[in-house]
Amino acid sequence: MTTNAHLTFAAFLLSGVALPAVAQLAPQPAPVSDPASADDSSQNTVIVTGTRSPKAIDKVAGAVTVITPAEVQRSLTITEDATAVLARTVPGYSESNQTMNTLGETMRGRTALYMFDGIPQSTPLRDGSRNATFTDMSTIQRIEVIGGASAAEGIGAAGGLINYISKRATEEGTHIGLTGRFGSQYRDDSAIWKIGGTIAHKSGDFDVFAAASYVDRGITYDARGRRIGLSASSSLADTKQVDFFLKVGHDFAGGTQRLEATASYFKLTAKGDYHYVAGSRALGIPDTAEPGPPRDPVTGQLLFAPDFNRFQQYALNYSNSDLVGGSLVVTGYFAKQEMRFPGDNSVDKQDPLISSGVIFDQSEILSKKYGLRTSYTRPDFLTKGLELRFGVDLVHDQTRQYLALTNRVWVPPMNYTSVGPYAQLSYDLGPVTLSGGWRHEAGTVKVDDYTTTYYRNRVFVKGGKLKYTNDLLNAGIVGRLGGGFSAFATYGEGFTLPNVGIPLRNVNVPGKTVEGLLDLKAVVFKNKEVGVNWRGRMGSVGVSYYQSKSDLGSSLSIDPITRDYVLNRRPIKIYGIDFSAEFRPIDSLRLNALFSHVLGKTSAANNVTEPLDVTLGMLNIAPDKANGQISWQYAPEGSVSLGVTSFFNRNINIGRGALEEHTKGYTLFDLTTNYRFKQVGTVSIGVENLFNKFYFLSSSQIDIYQNYFAGRGRTVTVTLHRDF
């Protein structure tokens, strides 16, 4: 699609004639799918919990997107890709990489904090870009997204919070759901199939929800019938996946108190039926995959074991809605995250003291988190309309990265301990809601003495403690102007640590200490945003403008020799516009749209504050995008939806050598349809890349390492779901 065509498409979406999608102060709309699971975003007041306590969305100062159960289900009908639903429904979220790797997948040009029931899945100390694949999407009830830098959950939410909220049993009796799914690209070994089941039981004050699933994925093909290469950071193709989830709850004290326990186990493992084969950027031939695992050409021995993601999470939650006139929520949790990467024989993994031959090795990031989250909310504190919320968060996170096959230290264990007290006030003054708050972050990262790898000259690095103390503020105002119109302005500060593991493993000169590495200083973000919204009987429209800046930012570039990532510490300023809308001319028809524009600027070198004349590229900020969708429930039992996603052309840093970057946009269509048959269940058909367009992912149009991938060609998936 040409630039003019992209602009025409964007103008069509923004015209508001018939394509509005809910923006900041309303939930992101979902298509009308199975009537039993259709969302109710158009009815009553929408409540979100991403602010720690339930709150009406029109009283939240800021950009909030609620991805409803119906939209989650629609995305599952098309693909099992966990971030694809974000790319389709959240204005500021970038292109999905169609792999387990989320490098370059950002929220408003910065990394987002992924959470599962409020528990962090991200590993900021050593972000391996693998944190978005941690559960089967069939366990998810809805997704709440809060845009902009935030310190509400501690470290990591540079671009926003993405909280995946799991299902629970809410209806009396026992309900069983069975799901079978089969998809194909009509080529050899391109099939994906899934079987899953849920049991929901509620008897008075006791409830239990359990889910299990198994997914088997074949290899994927582009629109020209060529196998798509396997990512050096792990793929979804050629994998098998198991997921178990359990939630047990008990209400007591007349329903004012609740005790709830959850357990989750997820593992996605490469099958190893294919190996990566390089293509040619010069000839326009994408990287591909060939049958057979990588083997030693002489001995025939397997060179490494399968890569995987294995996430485990256990939590105990206590809530009391009638405690001294307020409500208390306390959550204790343990989370273990293991991310094994594919093997390779790159220069930074060689060591003649281990082997005189070529060494193939695999790195693994291992993170263990223990935490306690508390929140007490007191409405009408001192005066009517004034709400006080306060609490403290405690967390201990140990993250390390090692070369698993030779048991070598790559990134030493980093022990992060944090105490984060906070307080928040919200005051309803007629049609105006004022809010403001403070969070104090007192954290310590402890790293023991360690020695770098042979490639980094076996340098001894003296360990030490890095202490981080920050007071982070936020303030906001929401005005309900009448006639469905509202406006907001907000200021928020976020806090994170840089990708500490990269500079630790890259030390290659003697005499360095952990405490002496400038790269390890904390990153503080300051976010300003204003927005206007309209919400009425026939739909909603909203637009917001934001600025985000950090005096000592954190961005990535590529080492020209190892093709590995280099951490840059430079000032960063980001500007952006989010637009989303929904229009419902009749009850059975919905038209949705969104558009996002993000621009980031930084300096040309580390330790230089001016000028900010370098435009941030694909490793940090994706090209502009627009999405549209039309959904029609043509009968009580059936519906159909057509969606379109467009990424724009972008040419930046022209004439600046290695900084110059060109990406070509593309437009894709998808189609879903559902019909509920009596005595059979609901049959859903999803078609991804409806017109089988050949394209390169934007993230593949820049030269990193083994990343010259075309996007997936047409994929047809059929799903049968039956409730008992």
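1. Contact here means heavy atoms within 4.5 Å. By that rule, and leaving aside neighbours within four places in sequence, Ile 143 is in contact with Thr 65, Val 66, Ile 67, Val 72, Val 85, Leu 86, Met 137, Ile 162, Asn 163 and Tyr 164.

2. On the basis of the note: this is a predicted model, where local features need pLDDT of at least 70 and side-chain atom pairs count only at pLDDT 80 or more, while totals for chains, interfaces and linings use all residues. Residues are numbered from 1 along each chain as its sequence is written, and side-chain values use heavy atoms, with hydrogens and water left out.

3. The largest nonpolar core (buried Ala, Val, Leu, Ile, Met, Phe, Trp, Tyr and Cys residues joined through side-chain atoms within 4.5 Å) has 30 residues. Ile 143 is among those with the most contacts inside it, along with Leu 86, Met 137, Ile 162 and Tyr 164. Contributors of at least two residues each include helix H3 (84-89), strand E6 (140-147) and strand E7 (160-166). A second, separate core has 23 residues, including Ala 151 and Val 459.

4. Helix H2 (69-78) also supplies at least two residues of the largest core. Helices are DSSP runs of H or I, at least four residues; strands are runs of E, at least two; both are numbered from the N terminus. Eight of the ten residues of H2 are buried, so H2 is largely enclosed by the rest of the structure. Buried means under 20% relative accessible area, exposed over 50%, partly exposed in between (1.4 Å probe, protein chains only). Glu 71 and Arg 74 are among the buried residues of H2.

5. Ser 548 lies in strand E26 (residues 539-550). Its relative accessibility is 5%, so Ser 548 counts as buried.
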